[in-house]
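Please look over the structure shown here before reading the report on its strand pairing, helix packing and cysteines.

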Amino acid sequence: MTETRIKGGVRQRIPHESATKHVSGEALYTDDLPVIEGQVFAAIGMSEKPHARIVELDLCEVHESPGVVAVISAHDVPGYNAMGPVVRDDEIFASERVQYVGQSLFAVAADTVEHARVAARKARAVYEELEPVFTVDDAMERGSFVLPPHTMKRGDAPAAIANAPNCLKGRIRTGGQDHFYLEGQVAIAVPGEDGDMWVHSSTQHPSEVQEAVAEVLGKTAKDITVEVRRMGGAFGGKEVQATPIACVAALLADNCQRPVNLRLDRDDDMVLTGKRHAFRIDYEVGFDDDGLILGVQFDLAARCGISADLSGAIVDRAMFHSDNCYYLENVTINSYRCKTNTVSDTAFRGFGGPQGMLGIETVIEDIAASLGIDPLDVRSKNFYGTDEKNITPYGMEVTDNVLHDLIPALERSSDYRARRRAVEKFNYENDLFKKGLSLTPVKFGISFTVSHLNQAGALVSIYKDGTVHLNHGGTEMGQGLFTKIAQIVAEEFQIDVGEIKVTATATDKVPNTSATAASSGTDLNGKAAEAAAKTIKARLVDFAADHFGVPQDEVLFENNSVSVGPTGLPFKELVGLAYHARVPLSSTGFYATPQIYYDRETASGKPFYYFAYGAAVSEVIVDTLTGENKVLRVDVLHDAGKSINPAIDIGQVKGGFVQGMGWLTTEELVWDNGGRLLTHAPSTYKIPTAADVPADFNVELLDTGGNKQDVIYRSKAVGEPPLMLANSVFFAIRDAVAATCKTRVQLSMDTPATAERVLLSIEKLAKEVAL
């Protein structure tokens with residue numbers, strides 16, 4: 001990278017490109033777009049039964065409701081009435097039976113939002129109820145799965161466990177999590193000439209929306225254009241779940257030949273859309289007297305809902321991360337994708353990784369408790385090595401291990417050992433309040449585990465005045481992707497980032513894109529944009545060398561200017577000369593991640609291009625009379641490679657951590673005995689607030705030589721890995737709960753660690769000790 005003084009180049013801490021518009025309210029989201037002449041508004045009619053045959057669906061009163069323009073159900077779909085990213089098993093409208101409370105039955109378009117929502121409640125449905133399956137336990141007992149079970153193994157775990165000096169068994173259940181994006185699910189479909197359809201969708205995956213809309217309308221991809229400028233949060237909830245919303249809007253627009261806006265009410269959004277998968281994790285482990293794991297077996301059972309959605313890959317990733325940072329010589333990981341009569345669970349930041357990591361970290365904590373030693377010492381004993389003990393259970397060599405630098409550095413900077421002694425002293429002196437402390441690491445694989453998804457395209461154009469138009473296949477959801485890609489192009493051309501305009505992601509500009517997911521947005525789209533810029537830059541170098549009669553190596557781009565031998569001229573002047581010489585000033589760029597492969601039959605391969613690492617120390621205090629708890633201090637050291645924008649990366653670390661805290665402590669999803677979600681609004685579903693952010697929150701990026709792989713500017717992904725740093729909060733709470741007992745007892749506590757669950761754990765522990 002050239003050392004320059006351009007404004008906004010790579011490594012500079014510039015603000016998010018829409019930061020000012022975000023706080024001023026000027027940023028336009030899908031529902032903010034101007035109302036189009038003739039536009040109508042939509043609502044969805046939903047099932048009230050968890051599992052039943054549809055005997056009759058009477059929509060007469062819906063049709064007759066004031067302001068209604070169109071009403072459609074399954075028999076009105078001209079193409080396929082089903083969708084799915086892998087298996088087409090999710091109906092747009094239930095046709096013969098409903099499979100969860102909230103499943104879509106029909107949709108209505110009316111002249112106002114209120115008229116549409118009122119009309120949607122006037123349907124009369126007659127059902128023949130069927131027996132539902134609600135829980136993982138029920139699904140496992142009945143063999144109810146959306147996809148077949150899958151096993152990954154190395155060595156002989158049962159024999160190693162049987163022959164080990166020490167053995168433990170345990171179970172932890174992890175809760176689900178609602179995405180609770182600030183901008184809900186929304187799409188606007190606008191019919192055009194020749195049967196074309198333009199769709200504004202709040203989606204992470206415009207190409208999937210394009211394909212699905214084409215299929216439900218009985219059209220082809222060329223007839224559908226999907227565009228998204230920005231989302232008000234997504235977190236995986238708009239990778240697949242945005243697609244049926246766009247399909248319904250497009251079906252209504254095609255039916256009535258008017259623009260249709262479908263924006264879900266928050267309550268309906270939470271009922272109708274999928275969550276993070278809840279897991280039941282059973283383990284059996286054998287270990288020596290120093291805490292070294294000799295053999296371990298995991299049984300991972302995930303609640304998937306009624307359809308496959310992305311559950312195959314999500315549970316696979318949970319398996320990939322059941323080792324986290326630890327070398328497991330003898331290991332068996334069995335996984336089950338359970339079909340339940342609940343909404344289909346879906347992608348969520350971490351994509352199965354958090355659940356897999358929580359399993360192995362529970363094992364580490366339980367080993368430490370049984371031996372009476374610090375969990376950090378057990379962790380260190382089992383870390384992956386650098387030259388040996390560096391092969392994962394799926395056969396991938398870990399070549400970029402920074403744990404042996406990162407963990408000691410964080411241990412020192414956080415003053416972990418001294419604080420551990422201080423916590424023990426505090427707990428000895430206090431009965432009503434107990435403190436807990438925990439240091440947990442993260443090793444997170446970066447890439448789509450489905451190899452063909454690791455590709456991206458971009459389109460870069462330079463105008464005659466020297467300004468640049470940039471478009472790529474990634475989507476902006478607040479994470480700063482557009483800002484980083486602009487910085488990359490600015491660096492390549494050596495111009496100020498203010499000279500670059502990043503425009504809305506659209507399928508008519510960059511086709512066949514992958515979802516902005518798997519923390520790969522900058523890796524993929526940054527390389528594609530760089531490739532496009534390099535192509536144009538090479539043309540400019542060729543032209544300048546020929547025009548001024550100098551060797552190509554004397555053409556240098558620097559600080560908004562170009563040096564051509566002894567001659568210097570502004571960048572925009574060279575562009576003007578090139579235009580008049582008919583040099584093409586626009587180019588596409590493409591990138592495909594190399595080296596990625598995975599053989600699912602043998603459960604082996606290299607599913608990731610590299611790993612991102614991090615660690616966190618959290619200190620909490622627990623009120624033993626109420627179970628209420630507070631995070632007092634957090635110290636994070638995270639590996640972002642050579643960061644493209646440290647300000648944005650640190651923001652992602654903090655945001656991911658707090659979201660992980662929510663999953664592990666306060667965000668509890670509750671259904672009643674009839675399969676009805678009870679926590680479908682902020683009044684009952686508790687996401688973290690500003691008051692929950694630790695007052696003492698220290699985040700640093702690890703200073704390394706950068707990513708060992710040829711990733712854009714040697715950076716590392718930072719979207720998902722920080723969420724799992726919040727494991728330290730959960731285990732600090734467990735540590736505080738354990739401190740209420742003066743004898744060593746294996747502690748069992750599920751997530752989320754709500755005040756109620758913490759208090760019940762304290763009471764259960766007291767009873768076990770008394771016995």
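Two strands count as paired if DSSP finds at least two bridges between them. The model described here is predicted, and the account begins with the strands that this criterion joins.

**Strands 10, 15 and 16**

Strand 15, covering residues 279–287, is mostly covered, with eight of its nine residues buried. This strand has antiparallel partners in strand 10 (residues 166–174), to which nine bridges join it, and in strand 16 (residues 293–305), again through nine bridges. Phenylalanine 287 takes part in both pairings: its bridge partner in strand 10 is asparagine 166, while in strand 16 its partner is isoleucine 293. Strands 15 and 16 form a hairpin with five residues between them, and in the turn glycine 291 has a positive phi of about 95°.

| Strand pair | Sense | Bridges |
|---|---|---|
| Strand 10 and strand 15 | antiparallel | nine bridges |
| Strand 15 and strand 16 | antiparallel | nine bridges |
| Strand 3 and strand 7 | antiparallel | five bridges |

**The eight-stranded open sheet**

Another part of the description concerns an open sheet of eight strands, which has mixed pairing and follows the order 3-7-1-14-11-12-13-22. Its edges are formed by strand 3 (68–73) and strand 22 (505–506), each of which pairs on one side only. Strand 3 is joined to strand 7 (residues 104–110) in the antiparallel sense over five bridges, and within this pairing valine 71 stands opposite valine 108 of strand 7.

Helix 6 (residues 206–217) packs on the sheet, where it touches strand 12 (197–201), strand 13 (224–228) and the edge strand 22, and its direction makes about 145° with that of strand 13. Helix 3 (residues 113–120) lies across strand 1 (40–46), strand 3, strand 7 and strand 14 (260–263), and runs at about 20° to strand 1.

**Cysteines**

How many disulfides does the model contain? The count comes to zero, and cysteine 60 illustrates this, since the nearest cysteine sulfur, that of cysteine 256, is 20 Å away, whereas a disulfide requires a pair of cysteine sulfur atoms within 2.5 Å. Where burial is concerned, cysteine 60 is partly exposed because its relative accessible area is 45%, a value that lies between the limits of 20% and 50%. Cysteine 741, by contrast, is buried because its relative accessible area is 13%, which falls under the 20% limit.

Key
Residues numbered from 1 in each chain as written. Predicted model: local features only at pLDDT ≥ 70, side-chain atom pairs only at ≥ 80, totals over all residues. Heavy atoms only, no water. Buried < 20%, exposed > 50% of the residue type's maximum accessible area, 1.4 Å probe, protein only. Helix = DSSP H or I, 4+ residues; strand = E, 2+ residues; numbered from the N terminus. Contact = heavy atoms within 4.5 Å. Axes fitted to C-alpha atoms, helices over the stretch in contact; angles between N-to-C directions.
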